[in-house]
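Biologist: Before we begin, could you take me through this structure slowly and give the reason behind each term that you use?

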Amino acid sequence: MQDALFIHRLHFGFTITYHYIFPQLTMGLAPLIVILNTLALRGDAVYDDAARFWTCVFGLNFVAGVVTGIPMEFQFGTNWAQFSRLTGGIIGQPLAMEGVFSFFLESAFLGLLLFGERRLSRWGQWAASFMVFLGSWLSGFFIITADAWMQHPVAYRRLADGSFEVTGFSGILTNPWALLQYMHTMSGAGITGAFVMAGAGAYYLLSGRAPIHGRRFVQVGVIAGIVFSAAQIFPTGDMHGKYMARVQPVTMAAMEALFHSGPGAPLVLLGQPDVEHERIDNPIVANKVLSFLIYGTARAEVRGLDSFPRETWPTNIPLLYFSYHVMAGLGTLFVAIMALAASLLWSGRLFQTRWMLWMLMCAIPFPYIANSAGWLTAELGRQPWLVYGLLPTSAGSSANVSAGNALFSLLGFMGVYALLSILLLYLVQDIVGRGPERSPAA
Amino acid sequence: MNTVWFLLVALMLIAYAVLDGFDLGAGALYPFAQTDEERTMIFRAIGPVWDGNEVWLIAAGGTLFFAFPLLYAASFSGFYLPLNIVLWLLIFRAIGIEFRSHVRAQIWRDFYGMIFFVASALLIVFFGAALGNVIRGVRLGPDHYFFAPLWTDFRPGPSPGILDWYTVLCGLVALAILSMHGALFIAMKTEGELQARMQRVGGRMLPAVVALSIASLAATLSVRPDLLHNYGAFPAGWLVPAATIGSLAGVAHFWHRRNDRAAFLASSAFIVFMLCGAAFALYPTLLPTTTAESNSLTIYNAAAGPRSLVIGLFWWVPGMLLATGYFVLVYRLFSGKVSTAASDHGHY
């Protein structure tokens, strides 16, 4: 049974991590496409081309997001049947709302944008891209409310059979955890969109393939990039962290690998946690900074893992610690990269500064890593609970699905996704190779 | 309230069958398109709408999840194997559609077209077999859970598998109906040679649809004789099968008159009424059992708490009105024949 539980968890972890490659880009690109379409309203054909090019990239990612997303919804039933039965009345609502309010909107207007260009006026096109943006950001919101309820359950009561029922739906939609996590997640997606756009522009500039379009991509990408990277740390990351330290203090202690309680808690910058001996190997720490970050004063007492019974500790503290540090470290790096690029843009030297363009181009994969690491932090930090403090993870999986059957589908997904990755890389190369200019033959 | 949600979930699944049905059917007919240009026309006909149609499956799944959590939990985990296969097929089908348009070498275009065809046809058979499983029932335990193997002895006895002769027959019925449905859709959306061929294909499918429907009806009554209970209790229910026959006659009538649009609408009505008939026969059961009657999942023992169900209506109704609005808008904008000119169809 323990075996089956592990495979069910790996199953969800693997498929959700792979899935999130796509929505983070679509949610990140959606507002940028609206901006490009807004700029195109003045009649500049280059922005028209740019909007069309990025809509095409969006479309490909949207389809990949849909076909890897349906398995996510279905997996609640297939692999987490007990969880679905107990929480369906609550978790099912935002999931159904995502389909009803966001995906219909997004798919309908994306179809219009991709196929109906000739049938839409310039303003019609702008409106369609705005609807796609609305749909994609709404879908993010509904998913976050579902996850936030698992992290910090509110507005529920338990029925006689142990299942959860909603007591006030507005309570679920206005869960403070949801609002904080939503802002943090969306600005994370915005970082991915901005880095991809800026990086692609840098590629077109460096290769000389389409310098005029490349400049616009870099410009829009860098400006959006500095806004989102800054917002990711302050206020969204800061607020989310402080709130988390209040409602999931044991998670915060595990993320920071703070084994011992005390005043003036240090912030660990580097070092590997040794949970067995409750210490950090070769640590580099910033003294008292953790106390300051959480409570605003360097002397504040922060509760370490020793203040909590062991069975409430997150189950994989090293992975949680690394995920969190990768996320936070990269997030800091993004601000530095974008601040540098923005200052060069401001002084008008960015397009000639080849090392900066190289840096932007090579930075493309890192927001993906940071976003995945962020989600790992959130979900590993929730362990050992499915619904925090109420429903243990071990009580949620499908008892009727054996370890062997779960492994069968896990291996199947690994194979299908490996193939999908190869094909998508080929397609991305093809789209990038065709370039953003409107070619008469296309 | 439980009945309301039974109707709403049925409505969404029926909408999915009609809408994604025609693009799945178009995929199953893909080999009938003979030139690369004709094949491209098929993609252009379904291009702007197919992923929107697929959203009905997602939305129906989510609605089922929250309205009937126990049904969602029990059936999705019990149908674990076929559901995962369906998910992979959906991925392959999307790969076929997206990639064919992006490659230029003929052999790769044919390759992705073939993936699209195989995945579409298999999906139809699986969906038909899924419906067959829901009608026939599964081996539900006292806790309402089960785990169905892909097959056992191919007989719909007390411990059936996903595939037995009855559910395979249901799969073939679905293949015939959606092929006809898809052919009528492509005929409606195209001109010339391809339109004429699709009209012929649609016509040839008609007798197959009639024969297989009768066979499956007879098989259903032999496997689950008690399904007539609701029809006995509410004789007005017989209007549904009457309407089913009527709409199929409509398909034949309009096909003869070469009125593609009306024939397609009649075939949509046929699918709607047929599934309504099945839903009417099942009600209030959601998933029948082959074991003790009390193990069956019904709209009463599988539903979410009463409060959740009431709250759900407040967003479902306006949300679906909006969604219907988008669909009307999109289908109106893309109504009429697809053109052979290259520039009007995005990257297809």
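Modeller: What follows is a conversation about a predicted model, going from the contact between two chains to a patch on the surface.

Biologist: How many residues does each chain bring to the contact, and how much area is buried there?

Modeller: Chain B gives 71 residues and chain A gives 70 residues, while the area buried between the two chains is about 6,500 Å², with carbon and sulfur atoms giving 74% of that area.

Biologist: What makes the meeting of Asp430(A) and Arg104(B) a salt bridge?

Modeller: The side chains of these two residues are 3.1 Å apart, N to O, and the cut-off is a side-chain nitrogen of Lys or Arg within 4 Å of a carboxyl oxygen of Asp or Glu, so the pair qualifies. The count between chain B and chain A is one salt bridge, and there are also 15 residue pairs in polar contact, both residues being at pLDDT 80 or more.

Biologist: Which helix of chain B supplies the largest share of the side that touches chain A?

Modeller: Helix 12 of chain B does, with 15 residues, and helix 3 (50-67), helix 4 (69-78) and helix 5 (80-100) are among those that each supply at least two residues.

Biologist: Why is Leu122(B) called partly exposed?

Modeller: Its relative accessible area is 38%, and because buried means under 20% and exposed means over 50%, Leu122(B) falls in between. Leu122(B) lies in helix 6 (residues 106-136) of chain B, and together with Ile107(B), Trp108(B), Phe111(B), Met114(B) and Val118(B) it makes a nonpolar surface patch of about 590 Å².

Definitions and conventions
Residues are numbered from 1 along each chain as its sequence is written. Chains are lettered from A and ligands numbered from 1 in the order in which they are written. Side-chain values use heavy atoms; hydrogens and water are left out. Patches are made of residues with over 30% relative accessible area and no salt bridge: like charges are joined within 9 Å, nonpolar side chains (Val, Leu, Ile, Met, Phe, Trp, Tyr) within 5 Å. Accessible areas come from the Shrake-Rupley method with a 1.4 Å probe; for residues, only the protein chains shown count as cover. Helices (H or I, at least four residues) and strands (E, at least two) are DSSP runs, numbered from the N terminus. Buried means under 20% relative accessible area, exposed over 50%, partly exposed in between (1.4 Å probe, protein chains only). Contact means heavy atoms within 4.5 Å. Buried area is the accessible area (1.4 Å probe) that two parts lose on being put together, summed over both. A polar contact is a pair of N or O atoms within 3.5 Å; within protein, one must be able to donate a hydrogen and the other to accept it, and residues adjacent in sequence count only if both atoms are side-chain atoms.
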